[in-house]
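Student: I'd like a close look at a single part of this model, please. Keep it informal, and walk me through what surrounds that part.

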Amino acid sequence: MQESNTIQLEDKASNDTVQKSNSSSQGNDNSLNNNNYSSQNNNSPQNNNSSQSNSNSQIINSLENTFLTPKDEENAFILNKKIENEVLSFAENIGLMLSKSAVYLLVKNDCWKEILKELFNEGVFFVDPNVLEKKLSRTKLAQVTQEVEVRKASFIAQAKDRAATFRVMEEYDVTGKSNSEGKVDDFLRLFRSKFELLSSMLKTRHNLSPKPIKSLAGIADREKVDVIGIVNKKWITKKGHTAFEIEDLEAKCIALVMEKEKDVQAKAERILEDNVVGIKGTKWGKDFIIIKEVYWPDVPIRPAKTINDDVFIGGITDMHVGSKLFFEDQFNRLLDYINGKNLSPKQQERVGKIQYLMVTGDNVAGVGVYPGQFDELLIKDIYEQYAKFEDLMLQIPDYIHTFICPGQHDAVRRAEPQPAIDKEFVPRLSKLRNFHFISSPSWVDVEGVKNLIYHGPSVNDLISSVNFLTMSAPQEGMLELLKKRDLMPKYGGKNPYVPEGRDYMVIKEEPDIIWFGDVHHKGYLSYRGTSILNSGCWEGQTDFQKKMGHTPTPCIFPTISLKDRAISETHFSKETVEEGKTSV
């Protein structure tokens with residue numbers, strides 16, 4: 001994938017250099033995976049091929065001797081369970097996650113506590129047999145002394161030693177609060193709530209002095225008048241004028257944009273059914289208004305909120321784990337990058353400032369989401385998809401607080417607002433203090449900076465409803481929703497909604513940062529102190545996207561600095577890691 005012209009590349013990734021004193025010859029490939037262990041002692045004579053072979057044999061012999069023979073297993077069962085509990089308790093206290101196989105290996109090794117301590121000090125978070133193999137083969141814990149010289153200092157993340165400050169704004173999270181029955185009264189309550197919230201925002205505008213629509217009857221013809229209403233209908237007249245039927249809580253009227261008013265016509269094109277708008281115009285007839293200007297609730301002009309510390313937030317969206325098109329190798333390179341592996345000192349310094357991560361839905365491919373999907377799946381079971389998702393996310397350092405919302409492919413209801421992914425599907429991640437499962441949409445206050453996290457299907461719905469937006473610029477679609485202060489711009493489109501007791505889709509506060517996905521195309525924008533980010537996806541182009549002529553932008557990891565609100569992106573679609581700042 002070609003780099004954007006707005007990106008200036010920094011240093012390429014460089015590898016650490018490690019020298020070992022006994023690296024002159026190669027030994028046997030003795031793995032420490034479960035299948036390669038024997039419960040019997042190996043007393044055969046040693047081969048004299050090389051000093052390295054002798055060393056490896058000593059390693060294996062020393063490890064094998066730490067295991068109980070089958071003959072002793074019955075008598076040692078109680079002892080093993082006690083040690084296993086001690087291992088698990090110790091690992092939990094220092095913040096390590098252990099696989100079942102790793103626990104089995106550690107229980108059999110007298111040095112298990114020292115092993116875990118050293119792994120913790122090295123920044124390891126998840127321990128499996130491969131991690132133990134590397135540890136035991138290069139340290140005195142394998143009873144073979146190997147001198148190791150590392151030419152570059154180990155990765156020390158700045159964010160690891162810094163206290164995180166955040167709050168999931170529960171008042172805007174629908175999880176556990178959904179009580180809609182889908183009755184007519186529920187819909188009436190939803191639209192009344194929407195009108196009251198958005199009209200109250202419009203009433204604060206200094207250039208709008210709205211009157212109730214029912215008061216039009218007492219206003220003389222050709223008098224200037226301002227009203228606020230929700231759009232019931234929209235149509236084009238025979239003469240090319242754009243007409244609207246709007247209403248408030250008490251009355252209705254017709255509002256018309258004349259065909260010759262090109263500037264106002266351009267704004268009228270952006271008005272959809274169910275939008276709440278402010279209108280400035282001229283009264284004509286009993287209940288008729290000629291529109292001269294249109295106003296949205298919008299956000300006020302304000303500076304971008306920043307903090308003193310140099311802290312970064314990263315964004316991931318639309319992984320689609322379980323799909324044949326999921327870019328797993330590239331995502332693993334992202335995980336290595338976040339962990340500071342194979343990076344230059346300059347890159348490590350920057351990566352070490354990432355303290356928060358926003359993951360905006362479609363985390364797995366799902367099963368049966370659309371006709372014919374089953375044949376496109378690599379993993380065809382939803383629980384196995386989430387198990388794989390957990391395996392990947394467990395590699396994120398524990399000092400990075402990760403907020404995960406669902407999308408249409410996740411195991412939640414499709415209709416919005418969507419509750420958080422249930423811990424039934426992510427049992428391991430749900431137990432960790434740095435993983436937070438939230439609804440879509442949700443709000444998270446990070447260091448005093450308010451983040452709106454939303455998967456974003458209504459952006460897709462909006463783009464398909466108008467001519468002035470495209471899939472290749474999703475940030476423009478989100479900007480439209482921000483101006484309207486509404487993530488449900490049109491009811492009855494492709495995207496379903498649940499009429500909850502309160503409207504979770506109205507953007508009640510002024511967001512500092514908006515994170516969204518769904519469109520599979522990156523896009524960034526800054527507007528009146530709000531930064532908008534869509535990081536694209538981690539899935540290849542689907543057949544449907546090919547038919548639509550839509551080209552995704554996969555394997556991009558954007559970050560935003562809370563110190564200056566600069567947005568940077570790192571590309572993983574190539575063999576080398578490429579970094580650069582955007583022009584936003």
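What do the buried residues of helix 6 pack against?

Tutor: A quick word first: this is a predicted model, where local features need pLDDT of at least 70, side-chain atom pairs count only at pLDDT 80 or more, and totals for chains, interfaces and linings use all residues. Residues are numbered from 1 along each chain as its sequence is written, and side-chain values use heavy atoms, leaving out hydrogens and water.

Now your question. The buried residues of helix 6 pack against four strands, namely 6, 7, 9 and 10, and against helix 13, residues 474-484. Packing here rests on contact, meaning heavy atoms within 4.5 Å. The residues of helix 6 that are buried (under 20% relative accessible area with a 1.4 Å probe, protein chains only) are D186, L190, S193, K194, F195, L198, S199, M201 and L202. So there's a lysine and an aspartate in that set, along with leucines, a phenylalanine and a methionine. As background, an α-helix has 3.6 residues a turn, so residues three or four places apart point the same way.

The helix itself covers residues 184-202. Helices are DSSP runs of H or I with at least four residues, strands are E runs of at least two, and both are numbered from the N terminus. With 19 residues at 1.5 Å each, helix 6 should span 27 Å (the sum uses one less than the residue count). Its end C-alpha atoms are 27 Å apart, so the two values agree.

Next, look at what helix 6 lies across: strand 6, strand 7, strand 9 (276-283) and strand 10 (288-295). It runs at about 65° to strand 9, an angle taken on a 0 to 180 degrees scale between N-to-C directions of lines fitted to C-alpha atoms, for helices over the stretch in contact.

Those four strands belong to a five-strand barrel, closed in the order 6-7-8-10-9 with mixed pairing. From one strand to the next, the twist averages 55°. Strand 6 (residues 224-236) and strand 7 (residues 242-247) are antiparallel partners, joined over six bridges; pairing takes at least two DSSP bridges. Within that pair, I230 sits opposite E247 of strand 7.

Zooming out, the chain holds 14 helices and 22 strands, and 52% of its 584 residues count as buried. Among contacts between residues at least 6 apart in sequence, 71% join residues at least 24 apart.

How values were computed
Buried < 20%, exposed > 50% of the residue type's maximum accessible area, 1.4 Å probe, protein only.
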